[in-house]
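Work through the exercises below with the sequence and the 3D structure open beside you. Try each task before reading its solution.

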Amino acid sequence: MQKNLEEKFLLDFEANQNIAHKICRLYTTNREAHNDLFQEITIQLWKNYPKFRGDSKFSTWMYRVALNTAISLYRKSTRKIKTQDISDFAYKIKSQDYDDTEELQLKALYKAIHQLNDIDKALIFLYLEDKPYKEISETLGITSVNARVKMNRAKEKLKNILNP
Amino acid sequence: MDVLDNYKKAWKNQPEESNKLSSVEIYKMAQSRSSSIVKWIFIVGVLEFILWTVVNITIPDRFYKIYEDLNLMEYLNIFMGLHYVIILVFLFLFYRNYKRVSLLENTKKLIQKILKIRKTVKYYVFYNLATVSLGCIILNMFMFSDNNKLMKVMNPDNLALDIQQVITITIISQIIGLLIILVLLWLFYKLVYGILLRKLNKNYKELVKLTYN
């Protein structure tokens, strides 16, 4: 049973790990912290996986656990990260089919989001990921109306940072 | 078209993380130990329970002599029994609140529940401070109600001392002792919980702010 659960978890998580990477990139500013947060998210996902009943998509469930970890649980630690040593290619986003303008825009976007507070970060992230207001308000625990107001304010803040 | 729409397009087209982990690496990571804020609050909480229990246990017998002299031992024993029952209740509440923290909640509820663990510990410390203070007051009331007893307790060797002087010294030394303890505790709380809870308090305020705007 445990073995099955492990295998299922690894399959689910491996396929969706990009969500966690994006969150790590939003909430941290260097590779080391990125890996540290990623590790904490992995631990929390695995710890809570037995409670994942599959009545929602794994990715939906993962958004909540990963964001909650970044916002409420994570604190910088000095532990050793359990990954192989990777050279510090940090945040160099490289891809052939990605044009320069978009690459610059993306970099500017990440830089701007880094200046927002934790909650605004979550709001903007969920907006960028096209999540409906219902899901946003349920994830953060605020009413839909509040989510809308807060979202508009967060977007304004972001615009001001991007185009001062 | 909104300015952000362009950026959103760039976001959507962003390449996948190039540093993807294999399932072996994920497996290794999942087995490692968490270093979350909740865990630290739990550890600090347990340490506080241990600290106060140790303080309770290691009080030297000499300290109780004053109760014997004042014929208060019986009350003290009843009180200590009650005291340990209350500590157990606190421990139970502390553990229950810790267990209730679930990442599957929404963010606001989650932060509320984490702050609740900390609150249990806070009340436990308040309780301890209150019992110490109350104990002091009761003891003082007994002592000062009878000058002969006071002299016997404070001056067992029958040195030639002025009763007024004894009273002043007793009160001043108690106040100084209490102040030192309070300042140390305050520093400890500012430091430890300040570091641990700063982020949570900030995010929680951010979440509730709108409700009252």
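**Exercise 1. Find the salt-bridge partner of Asp130(A) and Lys12(B), and place both residues.**

Solution.
- Step 1: Apply the criterion, by which a salt bridge is a side-chain nitrogen of Lys or Arg within 4 Å of a carboxyl oxygen of Asp or Glu. Asp130(A) and Lys12(B) form one, with their closest N and O atoms 3.2 Å apart.
- Step 2: Locate the two ends. Asp130(A) is in the loop between α5 and α6 of chain A, Lys12(B) is in helix α1 of chain B, and the pair crosses between chains. Helices (H or I, at least four residues) and strands (E, at least two) are DSSP runs, numbered from the N terminus.
- Step 3: Look for shared partners. Asp130(A), Lys8(B) and Lys12(B) are joined into one network by salt bridges that share partners.
- Step 4: Examine the other bridge, in which the side chains of Lys8(B) and Asp130(A) meet at 2.7 Å, N to O. This pair joins two chains, because Lys8(B) lies in helix α1 of chain B and Asp130(A) in the loop between α5 (118–128) and α6 of chain A.

The model is predicted: local features need pLDDT of at least 70, side-chain atom pairs count only at pLDDT 80 or more, and totals for chains, interfaces and linings use all residues. Residues are numbered from 1 along each chain as its sequence is written, chains are lettered from A and ligands numbered from 1 in the order in which they are written, and side-chain values use heavy atoms, with hydrogens and water left out.

**Exercise 2. Decide whether Lys8(B) is buried or exposed, and classify Asp130(A) and Lys12(B) as well.**

Solution.
- Step 1: Take the cut-offs: buried means under 20% relative accessible area, exposed over 50%, partly exposed in between (1.4 Å probe, protein chains only).
- Step 2: Lys8(B) has a relative accessible area of 13%, so Lys8(B) is buried.
- Step 3: Asp130(A), at 46%, is partly exposed.
- Step 4: Lys12(B) has 45% relative accessibility and is also partly exposed.

**Exercise 3. How many salt bridges does the structure hold over all chains, and where does the one between Glu102(A) and Lys9(B) lie?**

Solution.
- Step 1: The total over all chains is 14 salt bridges.
- Step 2: In one of them, the side chains of Glu102(A) and Lys9(B) meet at 3.6 Å, N to O.
- Step 3: Glu102(A) belongs to helix α4 (residues 100–114) of chain A and Lys9(B) to helix α1 (residues 3–12) of chain B, so this pair joins two chains.
- Step 4: Glu102(A) counts as buried, because its relative accessibility is 9%.

**Exercise 4. Describe chain A as a whole, then examine Ser72(A).**

Solution.
- Step 1: Chain A has 7 helices and 0 strands.
- Step 2: Of its 164 residues, 58% are buried.
- Step 3: For contacts (heavy atoms within 4.5 Å), consider residues in chain A at least 6 apart in sequence: 71% of these contacts join residues at least 24 apart.
- Step 4: Ser72(A) sits in helix α3 (residues 58–73) of chain A. With 0% relative accessibility, Ser72(A) counts as buried.
- Step 5: Neighbours within four places in sequence aside, Ser72(A) touches Ile37(B), Thr107(B), Leu110(B), Ile111(B), Ile114(B) and Leu200(B).

**Exercise 5. Which residues of helix α6 of chain A are buried, and what follows α6(A)?**

Solution.
- Step 1: In helix α6 (residues 133–140) of chain A, the buried residues are Glu135(A), Ile136(A), Ser137(A), Thr139(A) and Leu140(A).
- Step 2: After α6(A) comes Gly141(A), with a positive phi near 85°.
- Step 3: Turn to helix α7 (residues 144–162) of chain A, which holds Lys150(A). Lys150(A) has a relative accessible area of 6% and is therefore buried.
- Step 4: The C-alpha atoms of Lys150(A) and Ile124(A) are 10.0 Å apart, with their positions 26 residues apart along the chain.
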